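This report looks at open and enclosed spaces, then at strands, cores and one helix. Please keep the sequence and the structure in view while reading.

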Amino acid sequence: MSEAKAVSEVRSNRWSSETNASTPSAPQAASQRIGSEPAAAPAPGQGRDQVSVGATSQTGNVNGASPVQFNWANRSAPLVPGGMGAPGTPPAYFAFSSDHPISPRAIQSMAGKYGGKNVMIGVDANSDYGATLKAAREAGTRLHVYVEGPGGPTGKKWTADELGRIENAARKQGIDTRDPKWMDKWNKTGWKAHTFEELGKFKKQGFESAEIDNLYRGLGDSPQKLVDFYREYAGKFQKGELPRALLKNIDGPQMQALGAAIRSGQLPREMFSDFHIFESSAGNPSTPSRLAAELGIRTLVSRDTEQYAASGAYR
């Protein structure tokens, strides 16, 4: 959702220079809009995301997502040799769609293929997700939530509903939105207090994972500011106040800084989700994907910001 295209273009140019012949190719995009019926499997070699499997493997093709073969026995193993293993048991399958909440029928299909507790279903906090949440709870799936964080325009301009939500959130933080400079106060401190309060409520409702959009507006592209933010997040997470953090659109230098902070003990690995979502319009995901994999985090590539949805298996 709402990642500024101008920022995406700058990042795209920078990431293009990072990629070299020794860098693994970007993972196949596993994201599609999540409809109500499973799509037919593609022909061999077309859009198939595979890993080696044994007798316990299953094949999933859930509502337009690329079919996968998944090795249940190794789902907690590092994604790269010598990399970190995921703490606990990662979801076998993750699915999130912003504009069109995942249908109950789709959730039943995923739960039938993977088992409810092995599926994580995501919702957009600003969408009409009631039916999705009800179906996910009935199926016993794990829960993920998307929040806007500092907020931002989808494309180049704010829409009325986007700006209205931010103004309303700012007023709840005591910011006078009649002041011409109210947005400066929101960008500096208001968004963070609001986001922590919002995620605290979702944590109490049983949501295990959360992603915060538009962090570039509150933190810029500074790797150190991102690390500092997640150190603050960690203090609340370790008190049981916040869900695990799913990273979104993290670039190479930022992912490298987060990895260093995790390895040095500044940040707890268990605080981070086992998935990272990277929008196709945000640049080249090769370097951040490789660095995330060293932490036991799988990158899922979504469609562009106007069609934000991502799904895929952990491997």
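In this predicted model, the second largest pocket is lined by 17 residues, and those nearest its centre are Asn168, Ala169, Lys172, His194 and Glu198. Two helices, H4 (160-172) and H5 (182-204), each contribute at least two residues to the lining of this pocket, and the largest share, 6 residues, comes from H5. The volume of the second largest pocket is about 360 Å³, and its lining comprises 5 nonpolar, 6 polar and 6 charged residues.

Enclosed space is also present, since the structure holds 2 cavities of 30 Å³ or more. The second largest cavity is lined by Pro91, Met120, Glu208, Ser209, Arg244, Ser273 and Asp274. The table sets the second largest pocket beside the second largest cavity.

| Space | Volume | Nonpolar lining | Polar lining | Charged lining |
|---|---|---|---|---|
| Second largest pocket | about 360 Å³ | 5 residues | 6 residues | 6 residues |
| Second largest cavity | about 40 Å³ | 2 residues | 2 residues | 3 residues |

Ser209, one of the residues lining that cavity, also belongs to strand E6 (residues 209-212), where Ser209 and Glu211 are buried on one side while Ala210 and Ile212 are buried on the other, with both faces of the strand covered. In a regular strand, side chains alternate between the two faces of the sheet. Which strands pair with E6? Strand E5 (residues 142-147) pairs with E6 in the parallel sense over 4 bridges, and tyrosine 146 stands opposite glutamate 211 of E6. Strand E7 (residues 244-248) also runs parallel to E6, to which it is joined by 3 bridges, and here alanine 210 stands opposite alanine 245 of E7.

Alanine 245 is also among the contacts of tyrosine 230, which, leaving aside neighbours within four places in sequence, touches Leu215, Leu247, Leu258, Leu267, Met271 and Phe272 as well. Tyr230, together with Tyr233 and Phe272, has the most contacts inside the largest nonpolar core, a set of 58 residues. Apart from that core lies another, of 12 residues, including Ala86, Phe96, Leu246 and Phe275.

Is helix H9 (residues 286-294) mostly covered or mostly open? Helix H9 is mostly covered, with 7 of its 9 residues buried, namely Ser286, Thr287, Pro288, Ser289, Leu291, Ala292 and Ala293. Just after H9, glycine 296 adopts a positive phi of about 80°.

Notes
Residues numbered from 1 in each chain as written. Predicted model: local features only at pLDDT ≥ 70, side-chain atom pairs only at ≥ 80, totals over all residues. Heavy atoms only, no water. Core = buried A, V, L, I, M, F, W, Y, C linked by side-chain atoms within 4.5 Å. Buried < 20%, exposed > 50% of the residue type's maximum accessible area, 1.4 Å probe, protein only. Contact = heavy atoms within 4.5 Å. 1 Å grid on protein atoms, 1.4 Å probe; cavity = no way out; pocket = protein on both sides within 12 Å on 5 of 7 lines; lining within 4 Å. Points joined across faces, edges and corners; volume = space filled by probe spheres on them. Nonpolar A, V, L, I, M, F, W, Y, C, P; charged D, E, K, R; others polar. Pairing = 2+ DSSP bridges.
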